[in-house]
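The following exercises ask the reader to study one protein model in steps. Each task is followed by a worked solution.

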Amino acid sequence: MQADLDAHSTREECTREIECEIYEHKTSTRAHMREHMKRHGEEKHACRVCKAAYKHISSLCSHYGQKHK
C-alpha cells in the first residue's frame with residue numbers, strides 16, 4: 001500500500017506544471033524552471049504588450065506577428 005502511495009506521489013510531481021512569472025512558459029520541474037529563468041537575464045528584446053523577452057530582435061518580430069496580430 002505504501003508503494004502505491006509513493007508511486008502516486010511521484011506521478012503527481014511529474015505531471016505538475018510550474019509556470020514562468022514573466023511570460024507564458026511551463027516546465028515540469030523546478031530545476032527546468034531555474035534554467036529557464038536564467039535565460040531571462042540574457043534576453044534583451046522585450047515585448048511591450050506581454051513582456052515576453054528574446055535574445056534576438058528577429059524572434060521578437062516573429063512573436064509580434066504570431067501573438068499580437
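**Exercise 1: The largest pocket**

Task: Determine how the lining residues of the largest pocket divide into nonpolar, polar and charged ones, and state which helix supplies the largest share of the lining.

Solution. The model is a predicted one.
Step 1. The lining of the largest pocket consists of four nonpolar, three polar and two charged residues.
Step 2. By name, the residues that line this pocket are Y23, E24, C50, A52, Y54, H63, Q66, K67 and H68.
Step 3. Helix α3, residues 57-67, contributes three residues, the largest share of the lining.
Step 4. The volume of the largest pocket is about 150 Å³.

**Exercise 2: The overall fold**

Task: State how many helices and strands the protein has, and give the pattern they follow along the sequence.

Solution.
Step 1. The secondary structure comprises three helices and four strands.
Step 2. When the sequence is read along its length, these elements appear in the pattern α-β-β-α-β-β-α.
Step 3. The protein has 69 residues, and 17% of them are buried.
Step 4. The exposed surface comes to about 5,800 Å², of which carbon and sulfur atoms supply 51%.
Step 5. Consider next the contacts between residues at least 6 apart in sequence: 7% of these join residues at least 24 apart.

**Exercise 3: A residue in helix α2**

Task: Decide whether H36 is buried or exposed, and identify the residues that it contacts beyond its neighbours within four places in sequence.

Solution.
Step 1. H36 is located in helix α2, which spans residues 30-42.
Step 2. The relative accessibility of H36 is 5%. A residue is called buried when its relative accessible area is under 20%. H36 is therefore buried.
Step 3. With neighbours within four places in sequence set aside, H36 is in contact with C20, Y23 and H25.
Step 4. A further distance places H36 relative to K26: these two residues are ten apart in sequence, and their C-alpha atoms are 9.4 Å apart in space.

**Exercise 4: Strand β2 and the loops beside it**

Task: Where do K26, S28 and R16 lie, and which residues do K26 and R16 touch?

Solution.
Step 1. K26 belongs to strand β2. Because its relative accessible area is 45%, K26 counts as partly exposed.
Step 2. Outside the four places on either side in sequence, K26 contacts E17, I18 and E19.
Step 3. S28 is found in the loop between β2, residues 26-27, and α2. Its relative accessible area is 33%, so S28 is partly exposed.
Step 4. R16 is in the loop between α1, residues 2-15, and β1. Not counting residues up to four places away in sequence, R16 touches T27 and S28.
Step 5. The distances can now be added. R16 and S28 are twelve residues apart in sequence, with 5.9 Å between their C-alpha atoms. R16 and T27 are eleven residues apart along the chain, and their C-alpha atoms are separated by 8.4 Å.

**Exercise 5: Two loop residues**

Task: State whether E24 and K51 are buried or exposed, and say what the phi of K51 is.

Solution.
Step 1. E24 occupies the loop between β1, residues 18-19, and β2. A residue counts as exposed when the value is over 50%. The relative accessible area of E24 is 74%, so E24 is exposed.
Step 2. E24 and A52 are 28 residues apart along the chain, while 7.8 Å separates their C-alpha atoms. Both residues are among those that line the largest pocket.
Step 3. K51 lies in the loop between β3, residues 45-46, and β4, residues 53-54. K51 is exposed because its relative accessible area is 51%.
Step 4. K51 has a positive phi of about 70°, although it is not a glycine.

**Exercise 6: An annotated span**

Task: Which residues does UniProt assign to the feature "domain: C2H2-type", and how far apart are the end C-alpha atoms of residues 47-68?

Solution.
Step 1. An unreviewed UniProt entry places the feature "domain: C2H2-type" at residues 47-68.
Step 2. The end C-alpha atoms of this span lie 10 Å apart.
Step 3. In secondary structure, the span is 50% helix and 9% strand.

Note on methods:
Residues are numbered from 1 along each chain as its sequence is written. This is a predicted model: local features need pLDDT of at least 70, side-chain atom pairs count only at pLDDT 80 or more; totals for chains, interfaces and linings use all residues. Side-chain values use heavy atoms; hydrogens and water are left out. UniProt positions are given in the numbering used here, feature names are shortened, and annotations may be inferred rather than shown by experiment. Helices (H or I, at least four residues) and strands (E, at least two) are DSSP runs, numbered from the N terminus. Buried means under 20% relative accessible area, exposed over 50%, partly exposed in between (1.4 Å probe, protein chains only). Contact means heavy atoms within 4.5 Å. On a 1 Å grid over the protein atoms alone, a cavity is a set of points where a 1.4 Å probe fits but cannot get out, and a pocket is an open set with protein on both sides within 12 Å along at least five of seven lines; lining residues have an atom within 4 Å of a point. Grid points are joined across faces, edges and corners, and a volume is the space filled by probe spheres set on the points. Ala, Val, Leu, Ile, Met, Phe, Trp, Tyr, Cys and Pro count as nonpolar, Asp, Glu, Lys and Arg as charged, and the others, Gly among them, as polar. Accessible areas come from the Shrake-Rupley method with a 1.4 Å probe; for residues, only the protein chains shown count as cover.
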